[in-house]
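Please open the model in a viewer and keep the sequence panel visible beside it. The stops below are arranged so that each selection leads to the next.

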Amino acid sequence: MILEARELVTGYGFSVVIHGISLDVDTGEIVCLLGRNGAGKSTTLRSIMGLTPPRSGRVTFRGEEITGRQPFEIARRGVGYVPDDRRIFSDLTVKENLEIVQRVTRREGRWSLERVYQLFPVLRELSAKPGAGLSGGEQKMLAIGRALMGNPALLILDEPSEGLSPLLVRTLVDALRRIREDGTTLLIADQNVKFARRVADRGYIMEKGTIRFAGPLEQLWQNEEVVRRYLAV
Amino acid sequence: MGVRPSRRLAVFLAALVAALFLFPLVARSYSLYLAMQILILSVFSLGFNLLFGYAGLLSFGQAGFFAVGAYGCAKILLAVPNLFLGLVGGIVAAGIVAFLLGILCVRHTRIYFSMLTLAFGMMIFSIALKWRDFTGGDDGLVGIPRAPLEIPGLLTIGVANLEQYYYVVLVVSLLSVLGMYRLVHSPLGLTLQAIRDSESRAEFAGVPVRNYRLVAFTIAGLYAGVAGALLAPLENTITPPIAHWSASAEPVMATLLGGIHVFGGPIVGAFLFFMIKDIIVRFTQYWLIWLGAIVVILVMGFRGGVLSILVERLMPWRPTRPMVTRRKA
Amino acid sequence: MSDLLRLEGVSKRFGEFVAVHDVTLFIPAGRLTAIIGPNGAGKTTVINLATGALAPDAGAIRFKGDPVTHLSIHDRVRRGLSRSFQIMNIFPRLTVLQNVLLPVLCRRGRTGVALTPVEGEREAVAEVERILGEIGLLDQRDAPAGALSHGDQRLLELGIAIAPGPELCFLDEPSAGLTPVERATVLELIRKLFAERHTTFVIVEHDMDVVFSLSDWIVVMNRGRVLAEGPPAEIRENREVREVYLGEELTA
Amino acid sequence: MDSVLFQGLIGLSMAMYLWLISAGLTIIFGVLRIVNFAHGSLYMVGAYLAFTFYGLLGWPFWLAIVLSLLGTGLLGFVMERGFLRRIYGIDEAYQLLLTFGFILILDDLVKIVWGGVFKIPQIPAFLDGAWSVFGRPFPVYNTFIIGIGVLVAVGLWALFEKTWWGRTVRATASDREMANAIGVNVPRVFSGVFVFGSMLAALGGALGTPVRVVAPGIGATMIIQAFIITVIGGLGNLKGAFVSSLIVGILSAYGTLFFPVFELFFIFVIMAVVLLVRPQGLFAR
């Protein structure tokens with residue numbers, strides 16, 4: 001197991017958003033967290049990353065406990081994070097947005113500026129542009145590339161397919177597959193089941209802050225009841 | 001809602017007021033002078049706290065309105081020897097200036113509001129410093145008489161000596177305290193507190209938020225004016241430093257010291273402020289370092305202020321501190 | 001049926017981002033409307049435009065036939081347009097009673113009263129107690145609002161929203177962050193208020209259980225536009241809507 | 001005409017002290033989002049330290065400046081680690097009050113240690129004397145100050161645009177949570193920025209030692225001038241701070257020449273007008 005989360009309870013102020021989430025990610029897997037808006041997917045990812053520390057429960061990464069650590073420590077141990085709202089550093093250029101990660105995480109590895117540009121060729125053309133001037137889709141790619149520059153062992157993506165055109169979703173699917181082939185494990189939260197089916201091996205379905213269903217994605221997809229109840233309109 | 005003070009508190013307050021009235025019988029003139037300073041700072045701070053504790057706006061320019069009150073009163077007393085005219089004139093002048101500047105200031109909140117009030121306060125300071133013909137420049141206005149309090153056809157009271165003037169300060173201060181007490185417990189007071197807690201919520205409850213902020217700003221200016229006007233005849237001399245921004249910090253510290261979420265906080269704070277000063281000054285001329293240390297300790301550990309802590313100890317069921325604290329992310 | 005609120009060709013952009021594009025929406029009195037759509041679809045922006053928190057870049061807004069496009073928030077509240085918030089927005093340091101008292105005093109034009117105690121406003125307080133009874137918070141009337149449980153705070157939020165006695169009230173995710181039991185309470189309450197007060201509600205919700213069980217009419221938004229609208233049964237079968245929620249464009 | 005230009009040059013050298021102090025304030029606000037009321041007091045401490053090493057002990061001028069920067073930097077470190085760090089999440093009114101408490105403490109501390117106004121030491125020999133500019137003697141020292149100010153401006157530009165530390169700071173300023181998530185040690189960046197800003201203030205104070213009177217209470221004066229400049233330039237905007245330092249410095253030089261009476265007043269008028277009309281500052285993008 002590269003990542004184990006046990007009984008995470010997290011909330012903001014007086015409200016509890018996730019009630020005892022447990023999940024595992026095995027090395028080399030792509031795992032998808034599915035569920036509608038507001039189901040608690042983002043909060044789960046933020047708890048793992050240390051951005052919203054859980055009130056109880058524990059998170060173990062490569063056998064070491066990381067619960068309650070600062071996000072930067074978790075990042076330096078090899079967890080990359082791509083938030084749903086992209087959060088590009090707006091006054092750094094595209095190139096600086098990428099390179100800065102290598103500087104601060106100090107993790108040697110397979111990923112380099114060149115390889116990120118190969119993965120997303122459009123970023124090469126934009127390399128001197130400030131982050132603020134990018135379109136939503138371009139920012140999404142930059143956010144993924146930025147996380148890769150830290151050579152993460154585990155890459156966490158929050159709603160990567162959200163707001164992308166079908167063409168871009170296809171690019172994204174290809175990119176994620178290549179990232180996995182390069183030996184990075186992925187944990188993805190998304191609402192888009194069809195997208196998830198195309199990239200992920202296993203999935204968890206979340207609703208109202210708890211996990212309702214877990215299993216291989218094909219199995220989930222075939223379960224009419226599950227799809228209808230937790231995912232469909 | 002705890003508006004009506006408990007019986008014990010009422011007895012205590014009645015005794016306190018009685019003691020204040022009897023004070024000149026036992027006190028020497030230095031104590032009287034100190035008592036007047038405390039009363040004046042209390043009024044000043046109460047006004048400040050209407051803005052800060054109740055309406056959520058931190059002003060760093062209140063000394064400007066204080067100075068308008070003081071200079072206004074002094075100018076009138078130097079021309080017409082009637083304390084009544086002087087006080088009313090100073091207060092009205094401060095109120096008008098506060099209203100006019102308030103129209104501009106309440107367009108902002110938070111740090112921008114603080115900076116704006118700082119700028120306007122310092123403009124008043126520079127007028128006091130530089131407009132020699134009117135304000136006497138850095139020499140200030142000297143020889144301000146403690147002229148008799150005269151309401152034509154009603155009464156004339158001589159206030160030339162300190163005891164007599166003490167009663168003027170005491171009565172005006174008590175009236176101001178009473179007025180403020182009624183104000184913060186009125187629908188208007190509730191409205192201001194609501195705006196402090198959530199501006200957008202108040203607006204969506206139907207409150208024209210800016211207008212109400214202007215009302216609070218003007219009243220705070222009036223109170224600063226009352227305090228300033230009372231100071232002029234006490235000191236006989238008024239100089240520009242009373243308008244400087246560092247003078248604006250005095251009501252801030254007094255309020256913080258006493259507590260911002262309890263009505264009496266600023267009064268207790270004003271008392272502590274002068275007591276601390278009076279005691280420390282006996283041992284060392286460096287009393288500000290101690291005051292600074294106290295401010296730091298209060299901010300770090302006791303943001304409710306001394307009176308809040310007392311209230312919590314004595315009446316633990318009455319919440320005075322905000323119940324919602326932001327969770328550390 | 002006459003339209004209570006009309007948005008005509010309303011647009012709003014933030015820098016490069018078009019939050020709401022050419023939205024035309026009629027809200028008739030007495031129909032419980034739900035607005036749904038994925039994140040970033042522009043639902044909350046529509047509320048902000050309708051209630052005056054934002055000014056539109058283009059288009060016009062009419063309320064009860066009068067143009068209100070450039071009216072301030074509090075003026076719209078006075079005319080009968082109110083809302084609740086997605087993120088909790090109450091007065092945490094005031095008591096539960098005071099929270100609801102403010103809008104009531106405001107409607108009665110009593111907020112400027114400066115020198116008599118709040119307790120003197122007996123009619124207003126009685127009205128607030130009635131509202132607290134309706135939302136089930138009467139026994140907590142003197143508790144500071146910030147100390148209530150999350151669920152009770154959401155109920156209070158609802159109470160503040162209906163206290164101005166609005167003809168039209170927007171509810172932005174009234175059930176967000178609630179347990180299933182609390183959710184049912186809120187739902188029941190909205191239904192009851194709708195029936196008893198004749199307030200027209202427009203809710204923005206993610207919880208489809210809530211949306212389909214509560215509303216008479218559903219507006220689906222996506223990327224700043226109205227994608228579809230109609231009665232729940234019709235929306236449930238709408239292919240385009242299913243795609244937005246299921247991502248069927250992938251297979252297209 | 002010549003006298004007008006000459007006065008401008010005098011204003012330029014005044015502007016550089018303002019620039020040094022407001023640069024530090026701007027950087028600290030830009031990254032930490034804290035308005036440091038005690039920033040003027042750091043200027044004062046820098047001046048007193050430089051005076052001690054240079055004026056009292058007679059050590060070399062450069063060494064005195066370096067030691068003054070280190071000493072003030074250490075003070076800044078204690079302020080950030082010991083106090084400010086604990087109150088980042090709370091109401092900004094309390095942050096203002098805390099730093100105000102520092103002013104009171106530092107003012108008296110300076111009085112206790114140094115006892116009031118210090119005697120201005122000699123200008124170091126290699127910077128003494130005057131050049132003839134527009135037929136008048138213009139002090140070499142003022143030229144030196146202008147040079148240093150420009151050097152610091154260029155240096156800061158290079159630091160933030162060309163070095164990785166600078167880029168990390170910019171990233172932290174624009175989104176501290178995301179910076180943390182990519183691996184930036186945000187608490188350490190905060191300390192570093194606060195110390196760096198403190199040292200800039202100290203540089204202003206230390207450089208003024210041979211020419212400017214420094215007394216307890218100067219902190220309160222300097223902070224107001226720094227506020228004026230950062231407000232006009234836009235809170236957190238470094239380029240804006242540089243330009244508005246020049247404007248305020250030169251305007252007040254002409255102000256003292258042409259309308260000595262209302263110079264102070266007009267500067268506050270400018271500050272208020274900027275706040276009302278363009279609260280984001282004159283030079284915001």
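**Stop 1: a cavity in chain D**

The model is a predicted one. Begin with the second largest cavity, whose volume is about 60 Å³. To outline this cavity, select D:Leu25, D:Thr26, D:Phe29, D:Ile34, D:Val35, D:Asn36, D:Phe227, D:Thr230, D:Leu235 and D:Gly236, which line it. Next colour helix H1 (2–32) and helix H9 (218–233) of chain D, each of which supplies at least two residues of this lining. Which helix gives the largest share of the lining of the second largest cavity? That share belongs to H1(D), with three residues. By class, the lining comprises six nonpolar and four polar residues, and no charged ones.

**Stop 2: the largest cavity**

Rolling a probe the size of a water molecule over the atoms reveals where empty space remains. In this model the count is seven cavities of 30 Å³ or more, and the largest has a volume of about 80 Å³. Select A:Val79, A:Gly80, A:Val101, A:Ala147 and D:Ile182; of the 15 residues that line the largest cavity, these lie nearest its centre. Then display strand S6 (79–82) and helix H3 (94–105) of chain A, along with helix H7 (176–182) of chain D: each contributes at least two residues to the lining of the largest cavity. Colouring this lining by class gives nine nonpolar residues, five polar and one charged.

**Stop 3: the sheet of chain A**

Remain with chain A and show its strands. Six of them make an open sheet of mixed pairing, in the order S6-S7-S8-S3-S9-S10. At the edges are S6 and strand S10 (210–216) of chain A, each pairing on one side only. Neighbouring strands of this sheet are turned by 15 degrees against each other on average, with direction ignored.

Now add helix H6 (residues 136–148) of chain A, which packs on the sheet and touches S6 and S7 of chain A. The direction of H6 makes about 170 degrees with that of S6(A). Helix H7 (residues 166–181) of chain A is the next selection; it lies across strand S3 (30–34), S7 and S8 of chain A and runs at about 150 degrees to S8(A).

Zoom in on strand S7 (residues 154–158) and strand S8 (residues 185–190) of chain A, which run parallel and are joined by five bridges. Which residue of S8(A) does A:Leu157 stand opposite? The residue is A:Ile188. In a regular strand, side chains alternate between the two faces of the sheet.

**Stop 4: the hairpin and two loops of chain A**

Move to strand S9 (residues 202–207) of chain A, which runs antiparallel to S10(A) and is joined to it by six bridges. One pair to select is A:Tyr204 and its bridge partner in S10(A), A:Ala214. S9(A) and S10(A) form a hairpin with two residues between them, and A:Lys208 in the turn has a positive phi of about 50 degrees.

Two loop residues of chain A deserve a separate selection. A:Arg87 is in the loop between S6 and H3 of chain A; its phi is near 50 degrees, a positive value in a residue other than glycine. A:Glu159 is in the loop between S7 and H7 of chain A, and it too is not a glycine, yet has a positive phi of about 50 degrees.

**Stop 5: the sheet of chain C**

Switch to chain C, where six strands form an open sheet in the order S6-S7-S8-S3-S9-S10 with mixed pairing. Its edge strands are strand S6 (81–83) and strand S10 (225–230) of chain C, each of which pairs on one side only. On average, neighbouring strands here are turned by 20 degrees against each other, direction ignored.

Select strand S9 (residues 217–222) of chain C together with S10(C): these run antiparallel and are joined by five bridges. C:Asn222 has C:Arg225 as its bridge partner in S10(C). Finally, add helix H5 (residues 150–162) of chain C, which lies across S6, strand S7 (168–172) and strand S8 (200–204) of chain C and runs at about 155 degrees to S7(C).

**Stop 6: chain B as a whole**

End by displaying chain B alone, with its 14 helices and two strands. The C-alpha trace of chain B spans about 60 × 45 × 45 Å along its principal axes. Why does the radius of gyration of chain B, 20 Å, agree with a compact globule? It agrees because a compact globule of 329 residues would have a value near 20 Å.

Methods: Residues numbered from 1 in each chain as written. Chains lettered and ligands numbered in written order. Predicted model: local features only at pLDDT ≥ 70, side-chain atom pairs only at ≥ 80, totals over all residues. Heavy atoms only, no water. Pairing = 2+ DSSP bridges. Helix = DSSP H or I, 4+ residues; strand = E, 2+ residues; numbered from the N terminus. Axes fitted to C-alpha atoms, helices over the stretch in contact; angles between N-to-C directions. Contact = heavy atoms within 4.5 Å. 1 Å grid on protein atoms, 1.4 Å probe; cavity = no way out; pocket = protein on both sides within 12 Å on 5 of 7 lines; lining within 4 Å. Points joined across faces, edges and corners; volume = space filled by probe spheres on them. Nonpolar A, V, L, I, M, F, W, Y, C, P; charged D, E, K, R; others polar. Rg over C-alpha atoms; globule rule 2.2 N^0.38 Å.
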